[in-house]
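Thank you all for making time this morning. I would like to walk you through one structure, slowly, and I will ask you to keep the sequence in view as I go.

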Amino acid sequence: MGTLLEAIERGSVIGVLGAADAVLATKQLAERQTQALNAIRELHERETTLCIECADKWPCPTIRAINEAGA
Ligand SMILES: [Zn+2]
């Protein structure tokens, strides 16, 4: 699960993940990777062509980071 954790940390560093996202994800990662991913994906839901959480174009950088990690 190193790859996913790296993706989360990278997202925090470049600012695409909010502090709440990173804390939640890291905490839940210890318990279950899938739950952490679902929690993030629930926050970053699609609303028409935008992400609800970051108001960025869907897929937003957070979702892309997760997808890039292959998770
Ligand atoms: Zn988003």
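What follows is a tour that begins with the overall layout, moves to the metal site, and ends with the helices and a few backbone details.

Before anything else, please keep in mind that this is a predicted model, and that the values I quote are computed from it.

Let me begin with the layout. The secondary structure of the chain comes to four helices and two strands, and if you read from the N terminus, the order of these elements is α-α-α-β-β-α. The chain has 71 residues, of which 31% count as buried.

Now to the metal. Which residues of the protein hold the zinc ion? The donors are His 44 through ND1, together with Cys 51, Cys 54 and Cys 60, each through SG, and they lie 2.0 to 2.3 Å from the ion. If you want to find them in the sequence, the spacing to look for is H-x6-C-x2-C-x5-C. As for the geometry, the angles among the four donor atoms run from 104 to 115°, and the site is tetrahedral. For orientation, the ideal angle for four tetrahedral donors is 109.5 degrees.

Are these cysteines buried or exposed, taking Cys 60 as one case and Cys 54 as another? Cys 60 has a relative accessible area of 0%, and therefore it is buried, the cut-off for that being under 20%. Cys 54, by contrast, has a relative accessibility of 30%, so it counts as partly exposed.

From Cys 54 we can step across to helix 3, where Leu 43 is placed. Leu 43 and Cys 54 are 11 residues apart in sequence, and their C-alpha atoms are 9.1 Å apart in space. Leu 43 is itself partly exposed, with a relative accessible area of 30%.

That brings me to the helices, and I will stay with helix 3, which covers residues 33-43. The buried residues here are Ala 36, Leu 37, Ala 39 and Ile 40. Looking down the axis of helix 3, these buried residues fall within an arc of 160°, and so they line one face of the helix.

Helix 4, residues 61-68, can be read in a similar way, with Thr 62, Ile 63, Ala 65 and Ile 66 buried. Because they cover an arc of only 155° around the axis, they sit on the same side of helix 4.

How are helix 3 and helix 4 arranged with respect to each other? In general, two packed helices are described by the angle between their axes and the distance between the axes. Here helix 3 and helix 4 pack at an angle of about 155°, with their axes 10 Å apart. An angle over 145 degrees counts as roughly antiparallel, which is why helix 3 is described as roughly antiparallel to helix 4. The crossing of these two helices, helix 3 and helix 4, is left-handed.

Helix 2, residues 19-31, contains Ala 20, and Leu 24 is placed in helix 2 as well. Ala 20 has a relative accessibility of 59% and so counts as exposed, whereas Leu 24, with a relative accessible area of 30%, is partly exposed. Both residues can be related to helix 3 by C-alpha separations: Ala 20 and Ile 40 are 20 residues apart along the chain and 9.8 Å apart, while Leu 24 and Leu 37 are 13 residues apart along the chain and separated by 9.9 Å.

Finally, a few words on the backbone. Most residues other than glycine have a negative phi, and most peptide bonds are trans. Against that background, Thr 48 has a positive phi, near 50°, and its place is in the loop between strand 1, residues 46-47, and strand 2. Thr 48 counts as exposed, at 59% relative accessibility. Ala 55 also has a positive phi, near 55°, but Ala 55 lies in the loop between strand 2 and helix 4, and its relative accessible area of 55% makes it exposed.

Where, then, is the cis peptide bond? The bond in question runs from Trp 58 to Pro 59, with omega near -5°, and Pro 59 lies in the loop between strand 2, residues 50-51, and helix 4.

That is where I will stop, and I am glad to go back to any part of the model.

How values were computed: Residues numbered from 1 in each chain as written. Predicted model: local features only at pLDDT ≥ 70, side-chain atom pairs only at ≥ 80, totals over all residues. Heavy atoms only, no water. Donors = N, O, S within 2.8 Å, 3.2 Å for Na, K, Ca; no water. Tetrahedral: all angles 85-135°; square planar, octahedral: opposite > 155°, others 65-115°. Buried < 20%, exposed > 50% of the residue type's maximum accessible area, 1.4 Å probe, protein only. Arc of directions from axis to C-beta. Axes fitted to C-alpha atoms, helices over the stretch in contact; angles between N-to-C directions. Parallel < 35°, antiparallel > 145°, perpendicular 65-115°, else oblique. Left-handed = near helix turned anticlockwise from the far one by under 90°.
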